[in-house]
Amino acid sequence: MNSSLYQTLADRGFIHSVSNAPGLRAALDQPSVFYVGFDPTAPSLHTGHLIPLALAAHLAQAGHHPVLLAGGGTGLIGDPTDRSETRALLSAERVAANTQAVRRQVDRLFQNEQADVAIVDNAEWLTQLRYLDFLRDIGRYFSVNEILATETYRARLDSGQGLNFVEINYRLLQAYDFLHLFREHGCILQIGGSDQWANILAGVDLIRRIEGKEAFGLVTPLLTTSTGQKMGKTAAGALWLDPELTSPYDFFQYWINIEDASVERTLALLTPLPLHEVRALASLPGAQIRSAKERLAYEITARVHGADAANAARDGARALFGRDGGSTAAAPQTRVTPDKLAAGLRIVDLLLMSGLAGSRSAARRLIAQGGAYANDCRVDSPDTIFHADAFRNGELLLRSGKKRYHRILLGRE
């Protein structure tokens with residue numbers, strides 16, 4: 001076991017807060033079980049989950065044993081953390097479908113990591129709880145005053161939005177998850193994003209109170225730009241890890257286009273590259289920093305989608321940007337039928353259909369600002385209509401700005 005693991009994690013930027021740094025440093029000298037949870041609020045994970053997933057990969061590669069939790073139970077309640085208003089409750093059917101999707105996704109991610117993991121669903125134990133027993137055995141260890149003093153809850157009360165009883169109970173359920181996994185799997189560490197700090201500490205405290213033993217909590221920083229803005233938003237919305245929701249090419253392109261100031265931090269957090277290589281890449285001068293960004297984009301895409309998808313995305317990007325050795329085939333694509341094309345397709349509709357614009361108004365702004373292109377020709381009017389004769393070998397290549405491409409293919413959808 002690598003005794004310097006804790007320091008390595010700190011050097012890479014993973015440690016935002018930890019419940020007992022000396023204790024965890026010692027605990028990581030021996031193989032340990034840890035867990036990270038994901039509530040199935042959508043049918044895919046997104047970039048906000050990448051840092052905890054990368055941390056889990058580092059721990060697994062160092063010999064520790066991950067438990068990945070899909071929150072089919074807590075997803076029925078909804079985490080109020082950092083929410084300015086009450087989260088709409090999802091149906092049981094939607095939560096179950098999302099849970100299965102998230103389970104498949106984390107399983108695939110850790111197959112790429114070649115790690116031995118346990119994947120669990122907290123609905124298996126939370127739905128079996130008896131309410132009165134839970135109140136007596138678990139609820140009595142929680143102070144309502146302490147819960148309401150937490151920033152999220154306090155802000156909601158101060159804003160006049162209020163809280164409902166279901167939301168207050170979320171912390172109890174997450175803490176109980178940690179207790180359950182401590183008992184059933186010997187789990188001594190929970191990791192997560194820094195927004196989960198209070199919830200994770202609640203589980204650490206519950207284990208201490210009930211079991212009389214120490215467990216640990218470690219939270220990572222959130223994924224942000226150098227100015228503190230959250231990363232992972234695109235014109236089409238969130239950057240998903242599911243290739244059906246965000247194509248590997250679009251995923252690759254997002255990372256190759258991040259700001260220069262974020263390259264070193266993102267390489268350290270989201271790739272397995274040694275730190276000396278991270279620093280060498282991040283210190284490349286001038287235009288050479290694009291090589292570092294391409295390496296960043298490749299490593300993250302390979303981690304999420306596999307090496308084949310990363311190779312195809314890189315080749316597609318090189319071809320589209322005039323570099324040798326690539327093909328446009330990896331660029332995202334949308335098919336239209338001859339019937340749809342018969343009456344012509346407006347550029348605004350094409351930009352919206354392709355995801356190059358998130359709304360009709362955004363598409364019109366893009367055109368007005370001179371940022372919309374079709375087959376490398378700028379489109380100056382939102383009323384421009386394309387017919388079959390605009391397609392070259394059955395393809396119309398759209399571009400937004402200098403860096404975002406999408407292929408419109410003629411044929412069956």
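**Domains.** I started with the domain assignment, which splits the chain into domain 1 (4-220), domain 2 (233-321) and domain 3 (333-410); such bounds come from an automatic or database domain assignment. The C-alpha centres of domain 1 and domain 3 are 43 Å apart.

**Ground rules.** I noted that this is a predicted model, where local features need pLDDT of at least 70, side-chain atom pairs count only at pLDDT 80 or more, and totals for chains, interfaces and linings use all residues. Residues are numbered from 1 along each chain as its sequence is written, and side-chain values use heavy atoms, with hydrogens and water left out.

**Sheet with β9.** Next I looked up an open sheet of 5 strands, in the order β9-β15-β14-β11-β12 and with mixed pairing. β9 and β12 (377-378) are the edge strands, each with a single partner, so one side of each has no neighbour in the sheet. Strands here are DSSP runs (E, at least two residues) and helices likewise (H or I, at least four), numbered from the N terminus; two strands pair if DSSP finds at least two bridges between them.

I then went through the pairings. β9 (residues 333-336) and β15 (residues 404-410) are parallel over 4 bridges, with Val 336 bridged to Leu 410 in β15. β14 (residues 395-400) and β15 run antiparallel and are joined by 6 bridges; Arg 399 has Tyr 405 of β15 as its bridge partner. Helix α17 (residues 347-354) packs on the sheet, touching β9, β11 (372-374), β14 and β15, and its direction makes about 80° with that of β14. Axes are lines fitted to C-alpha atoms, for helices over the stretch in contact, with angles from 0 to 180 degrees between N-to-C directions; contact means heavy atoms within 4.5 Å.

Which β9 side chains are buried? Thr 334 and Val 336 are, on one face, whereas Gln 333 and Arg 335 point to the other and are not. The cut-offs are under 20% relative accessible area for buried, over 50% for exposed and partly exposed in between (1.4 Å probe, protein chains only).

I also checked Arg 399 for a ring: it lies over the face of Tyr 373, at 4.0 Å from the ring centre. The rule wants NZ of Lys or CZ of Arg within 6 Å of the ring centre and within 35 degrees of the ring normal.

**Aromatics in α11.** Rings of Phe, Tyr and Trp (its six-membered ring) pair if their centres lie within 6.5 Å; planes under 30 degrees apart are stacked, over 60 edge-to-face, the rest tilted. By this rule I get 4 aromatic pairs. Why is the pair of Phe 251 and Trp 255 edge-to-face? The ring centres are 6.0 Å apart, and the planes stand at 70°, so the pair falls in that class. Phe 251 and Trp 255 are 4 residues apart in helix α11 (residues 248-256), about one helical turn. Tyr 254 and Trp 255 are edge-to-face too, at 5.0 Å centre to centre and 90° between the planes. Ring pairs link Phe 251, Tyr 254 and Trp 255 into a cluster. The helix is largely enclosed by the rest of the structure, because 7 of its 9 residues are buried.

**Two buried residues.** Gln 105 sits in helix α4 (residues 92-112) and is buried at 2%. Beyond its neighbours within four places in sequence, Gln 105 contacts Ser 44, Leu 45, Leu 241 and Asp 242. Ile 191, in strand β5 (residues 187-193), is buried at 2% relative accessibility.
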